[in-house]
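Colleague: Could you take me on a close look at one part of this model, the helix packing, and then show me how the sheet is put together? I would be glad of a connected walk-through.

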Amino acid sequence: MGHDKLRKFAENETFPCLLQPSADELLRDGYFALRDHQVKGHWGERFANPDAPLVLELGCGKGEYTIDLAQRDPSKNYVGVDIKGARLWKGAKYATEHALGNVGFLRTRIEFISAFFAPGEVSELWLTFSDPQVKSENSRLTSPVFLNRYCRFLEPGGLIHLKTDSQFLYQYTLAVCRANGLEVVAASEDLYADSDRFDPCLTEVQTFYETMFRQQGYPIRYLCFRLMPYEEYFVSPSDFNPDYWRAIEGHRTLFGRDTAETRRQKMKGR
Ligand SMILES: C[S@@+](CC[C@H](N)C(=O)[O-])C[C@H]1O[C@@H](n2cnc3c(N)ncnc32)[C@H](O)[C@@H]1O
């Protein structure tokens, strides 16, 4: 491991706003059964205003978006979640140095998220430039598998915001909403072209990937939907054609480099 990463990991241990649970804290008897973390139901105690609504960003990377939202709206508490410690280091360092009392970070896999938040503890959720996972539905952060996890801690009717460059993930998520009767509060296939329809904050605050994709000329898609309390499990959409949308997605080039899918498409075309 690089020297710089080791330095960041060591510094991460000193940031009070960053929670990095060990596997032992999470895994019952060392293996797959998750147990609740002690912070569950107690997030308020980590912030200056314990009673403020809690907003999560899943897959926050370096945490710029979490921090920017938190600085603009001190009436809410914000937690950014990511698995990569070297990325979280940047946000956690900034929040510590600027004594931000409404920002926290959690280093964990999103798959484990329901071990950390109690029913109704979270009021809103942001999914920012999540991997579209074109081949594995259950890995998509808006799949029924993940919605079933979120509704264990998102307050009834809580909003989920999706910002993405991916037409595949955007269309898939719309189909999931249709299949489960979830209210779509706002939707745009080109947020910046439609910006007059939305709160200026949506385009003024940008994630790291959002800025990169915009520089490459990709439209940014935005979807906001309401997660209602469930009586049964959420279901997969039957009217979503993954092959069709995968083909469109396959021709994408990421930051000037071909994705594996793009390379395959080009080889086929030769
Ligand atoms: C494409 S980046 C987007 C980062 C940031 N949201 C942005 O827009 O700049 C996706 C992030 O999600 C994180 N991630 C992906 N899968 C994850 C998982 N299962 N659990 C936790 N983090 C995950 C990655 O580490 C990465 O930082």
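Modeller: Happy to! Let's start with helix 3 (residues 64-72) and helix 4, whose axes come within 9 Å and cross at roughly 30°. In this predicted model, that angle makes helix 3 roughly parallel to helix 4, because angles under 35 degrees count as such. On the helix 3 side the contact is made by Glu 64, Thr 66 and Ile 67, and on the helix 4 side by Gly 91, Tyr 94 and Ala 95. By character, the residues of this contact are three nonpolar, two polar and one charged.

Helix 4 (residues 85-97) also meets helix 1 (residues 3-12): their axes come within 9 Å and cross at roughly 50°. That makes helix 1 oblique to helix 4, and the crossing is left-handed. Helix 1 brings Lys 5, Lys 8, Phe 9, Glu 11 and Asn 12 to the contact, while helix 4 brings Gly 85, Ala 86, Leu 88, Trp 89, Ala 92 and Lys 93. Here the residues divide into five nonpolar, two polar and four charged.

Now to the sheet. Strands of a sheet pair through backbone hydrogen bonds, either parallel or antiparallel. In this model, eight strands form an open sheet with mixed pairing, in the order 1-4-3-2-5-6-8-7. Strand 1 (18-19) and strand 7 are at the edges with a single partner strand each, so one side of each has no neighbour in the sheet.

At the strand 1 edge, the partner is strand 4 (residues 103-107), and the two pair in the parallel sense over two bridges. Leu 18 has Phe 105 of strand 4 as its bridge partner.

At the other edge, strand 7 (residues 184-188) pairs with strand 8 in the antiparallel sense, over four bridges. One residue pair to find on your screen is Ser 188 with its bridge partner Tyr 222 in strand 8. Strand 8 is also joined to strand 6 (residues 154-164), by seven bridges, and these two strands run antiparallel. There, His 161 stands opposite Cys 224 of strand 8.

Strand 8 (residues 221-227) has five of its seven residues buried, so it is largely enclosed by the rest of the structure. Lying across strand 6, strand 7 and strand 8 is helix 6 (residues 167-180), which runs at about 20° to strand 8.

How values were computed. Residues are numbered from 1 along each chain as its sequence is written. This is a predicted model: local features need pLDDT of at least 70, side-chain atom pairs count only at pLDDT 80 or more; totals for chains, interfaces and linings use all residues. A residue is buried if 20 or more other C-beta atoms lie within 10 Å of its own, exposed if 12 or fewer, and partly exposed in between; C-beta atoms are placed from the backbone. Two strands pair if DSSP finds at least two bridges between them. Axes are lines fitted to C-alpha atoms, for helices over the stretch in contact, and angles run from 0 to 180 degrees between N-to-C directions. Angles under 35 degrees count as roughly parallel, over 145 as roughly antiparallel, 65 to 115 as roughly perpendicular and the rest as oblique. A crossing is left-handed if the near helix is turned anticlockwise from the far one by less than a right angle, and right-handed if clockwise. Two residues are in contact if their C-beta atoms, placed from the backbone, lie within 7 Å. Ala, Val, Leu, Ile, Met, Phe, Trp, Tyr, Cys and Pro count as nonpolar, Asp, Glu, Lys and Arg as charged, and the others, Gly among them, as polar.
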